[in-house]
Amino acid sequence: MNIKQSRYSLVSAFYLTFIAGSFCIRTILLAWSAPKAGIGILGLFKIYSLGILYDVIVASCFMVLYSLYLLVIPERMNRSLANKIVTLFFYPLTMLIVLFSFLAEITFWQEFESRFNFIAVDYLVYTYEVIHNINESYPIPLLVGGMLAVLSGILWIMKKRSVFRNSFHSTTPFKQRLLYTGLVFLTAFGGLALLNNDLAERGNNRYSNELSKAGIFSFFAAFKNNELNYDQFYKVLPTDMAFSIMRRELGEENTSFSNKSSTSVDRFIKDSGALQQPNVIMVTIESLSADFLGAFGNKDSLTPVLDALAASGTSFTNMYATGTRTVRGMEALSLAVPPTPGSSIVRRPGNNDLTTIGNIFNHAGYETSFLYGGDGYFDNMNQYFGSNGYSIIDRGRNLPEAESYDAKRIHIPNSKVNFENAWGICDGDLYDAVIGNADSLYSLHKLFYDFVMTTSNHRPFTFPANKINLPPGTRNAAVRYTDYAIGAFLKKASARPWYNNTVFIFVADHCASSAGKNEIDISKYHIPCIIFRPNAKGGKKIEETCSQIDLYPTLFAMLHWRYESNLYGTNVLDPHYKSRILLGTYQKLAYMTHDSLVVLSPQQKVETYLYNSLANTQTASDLGVEVIEKAIASYQTAYYLFKHDELKQHQ
């Protein structure tokens, strides 16, 4: 009997519908990115051939339970009203879930130019922000209505082709049912056992790799691999050798290493200059790529305030983020460590009582605060900063979170909020909270260090009316408002008595987009970083290539601080500074010094390239063992220290 004329006709129809829909989504995403993807004939063959393989596996997973159900129910029950009710409820519901996933893939690609990954997994946890963000960014009634219309059309076609009648009224022998169900089970579980996303990721064109995948398959692959054991999955060196390399790399002239252990980078930083102790306010700006600034060549006049600060302050012209998410930027700017594989340390267990930048400020007599425009339960921010000595100031919707930390907690009063969206209050309202906190601490004669995290430059890109001459809803408008709010903040702050003794830092957490032809596109990690001191004379450009993790070692050197350090960042102003950047995705880790790029991947894979910054190209090349060992040592030792609690504060 033909499967289309058996009780498995709905299973057959689901396969055809899912594969056709996935083909359409894959083609839409391909057309969307085609101008910059550079995909040839072989790339197209890979996209569609691998794509249909993943699609068949996903479709089989959807049909496993239904196929088992069809196997066991007898003919009499198959024709019953109860079976029709169950089938006509769950089958359209399954189709609706598939249609929703297809729509979600389009919106996710629009933001990240990637199939579902760890970000999608994380977003599923934080439903408040995500649901409200979607509601504010897209015409939900129209989209839902469209999905229901498509679903109705599919079901109508299936009815016209007698798919439901065949399912309910055909006679299918048990042996044939056993064969069909067995094929579904074999495809589903065999595919999951034998295949993962590595098969799609073997090419050098990132777009081709991503388009070859299936979104739902990628989602569960990311969920499964939320943290990777570096020692198990990556190339390693003997532990003592790895730490010996790192000590050489971190050994500046003013540094004396501890002799307590060979597996540490603990050291004391000396400085004979006159100690300076200004207040420090670091504003970490959401998704601010360097190429939004006029100082980096943008012609749209989006950032006049930041451009002026870059000219009058100290501007890092070649700084690179360590990752593509806010929690990666926070990790780099609070711990100054390379991005170990999997989730950021901000989101991992055992991240309390670490030797953070805030810990260094605490030892110097400062009050440390974390101020966030959104709800700090998101991405575990409050737990991380609260259990590492920071006071917490956030929007504070009192949503459930793990309160396993003892920290001063303040919610920004509703009376002081003029505008908010899904992700948080506007930057202007956040900066008012920063000023209020500074006023309070100054009145108590306390020095303060603030880690401020903004939200306005995040989708849905909305902000208060009548502040700038661009309508809300676009990235350019959000950048323009972000810049405007910084100007208003500094103008208000300039009237405060603490202003002249305060260092202001403006740095991005990551870029607006990380997507490019290469798995790790170096240009998509380039961020602005500006240190501004009121009344400082003359601007300075720091042109050495450096990382987010180098910011605070450089600032401390500028202030002539003497302190204990296990930071992986170094002073960029040191005449013997060794240029290098460290960055990565959730699985791939990159190390670049000058034009030599090393990429480390699971299965102990090591790839080496020459990087052309002008053309933004990576050419496979044999770089030799020394730079590879430096790359491995950087990530291996950072992972070792965290997993062995060696980043904890000394008791």
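# Reading strands, helices and residues

User: Which residue in E12 is the bridge partner of tyrosine 320?

Analyst: Serine 547 is the bridge partner of tyrosine 320 in E12. Keep in mind that this is a predicted model. Now widen the view from one pair to two strands. E4 is joined to strand E12, residues 546-547, by two bridges, and the two run parallel.

User: Which other strands pair with E4, and in what sense, parallel or antiparallel?

Analyst: Take them in turn. With strand E10, residues 526-532, E4 pairs in the antiparallel sense, over five bridges. With strand E11, residues 540-542, the pairing is parallel, over three bridges.

User: Where does serine 315 fit in?

Analyst: Look at both pairings. In E10, isoleucine 530 stands opposite serine 315. In E11, lysine 541 is the bridge partner of serine 315.

User: Is strand E4 largely enclosed or largely open?

Analyst: Count its buried residues. Strand E4 spans residues 314-320, and six of its seven residues are buried, so the rest of the structure largely encloses it.

User: How do I read the order of strands in a sheet, say the one with E1 and E2?

Analyst: Read the order from one edge to the other. Here it is E1-E2-E13, an open sheet of three strands with antiparallel pairing. Strands E1 (255-257) and E13 (563-565) stand at the edges. Each has a single partner strand, so one side of each lacks a neighbour in the sheet. Ignoring direction, neighbouring strands here are turned by 30° against each other on average.

User: How many bridges join E2 to E13?

Analyst: Three, between antiparallel strands; E2 covers residues 267-269. One pair to find is isoleucine 269 with its bridge partner in E13, tyrosine 563.

User: What is the order of the sheet that begins with E14?

Analyst: Read it the same way. The order is E14-E15-E16-E17-E18: five strands, an open sheet, antiparallel pairing. Strand E14 (581-584) and strand E18 (617-620) are the edge strands. Each has a single partner, so one side of each has no neighbour in the sheet. From one strand to the next, the twist averages 30°.

User: Which strand pairs with E15 over five bridges?

Analyst: Strand E16, residues 596-601, pairs with E15, residues 589-593, in the antiparallel sense. Within this pairing, valine 599 in E16 stands opposite alanine 590.

User: Which strands does helix H21 lie across?

Analyst: Helix H21, residues 625-643, lies across E14, E15, E16 and strand E17 (605-612). Against E15, H21 runs at about 130°.

User: What describes two packed helices?

Analyst: The angle between their axes and the distance between the axes. Try helix H1 (residues 9-37) and helix H2 (residues 41-72). They pack at an angle of about 150°, and their axes are 9 Å apart. Angles over 145 degrees count as roughly antiparallel, so H1 is roughly antiparallel to H2. By class, their contact has 19 nonpolar, five polar and two charged residues. The crossing of H1 past H2 is right-handed.

User: Is helix H20 mostly covered or mostly uncovered?

Analyst: Mostly covered. H20 spans residues 551-558, and six of its eight residues are buried. These are Leu551, Tyr552, Pro553, Thr554, Leu555 and Phe556. After H20 comes histidine 560, with a positive phi near 60°.

User: Where is asparagine 83, and is it buried or exposed?

Analyst: Asparagine 83 is in helix H4, residues 81-112. Its relative accessible area is 2%. Buried means under 20%, so asparagine 83 is buried. Leaving aside neighbours within four places in sequence, asparagine 83 is in contact with Tyr69, Ile73, Met77, Asn78 and Phe168.

User: How does lysine 467 count by relative accessibility?

Analyst: Its value is 39%. That falls between 20% and 50%, so lysine 467 counts as partly exposed. Lysine 467 is found in the loop between strand E8 (447-453) and helix H19 (475-493).

User: Which residues is lysine 467 in contact with, neighbours within four places aside?

Analyst: Tyr481 and Tyr484. Compare sequence with space as well. Lysine 467 and alanine 485 are 18 residues apart in sequence, yet 8.7 Å apart in space, C-alpha to C-alpha.

Conventions
Residues are numbered from 1 along each chain as its sequence is written. This is a predicted model: local features need pLDDT of at least 70, side-chain atom pairs count only at pLDDT 80 or more; totals for chains, interfaces and linings use all residues. Side-chain values use heavy atoms; hydrogens and water are left out. Two strands pair if DSSP finds at least two bridges between them. Helices (H or I, at least four residues) and strands (E, at least two) are DSSP runs, numbered from the N terminus. Axes are lines fitted to C-alpha atoms, for helices over the stretch in contact, and angles run from 0 to 180 degrees between N-to-C directions. Angles under 35 degrees count as roughly parallel, over 145 as roughly antiparallel, 65 to 115 as roughly perpendicular and the rest as oblique. A crossing is left-handed if the near helix is turned anticlockwise from the far one by less than a right angle, and right-handed if clockwise. Ala, Val, Leu, Ile, Met, Phe, Trp, Tyr, Cys and Pro count as nonpolar, Asp, Glu, Lys and Arg as charged, and the others, Gly among them, as polar. Buried means under 20% relative accessible area, exposed over 50%, partly exposed in between (1.4 Å probe, protein chains only). Contact means heavy atoms within 4.5 Å.
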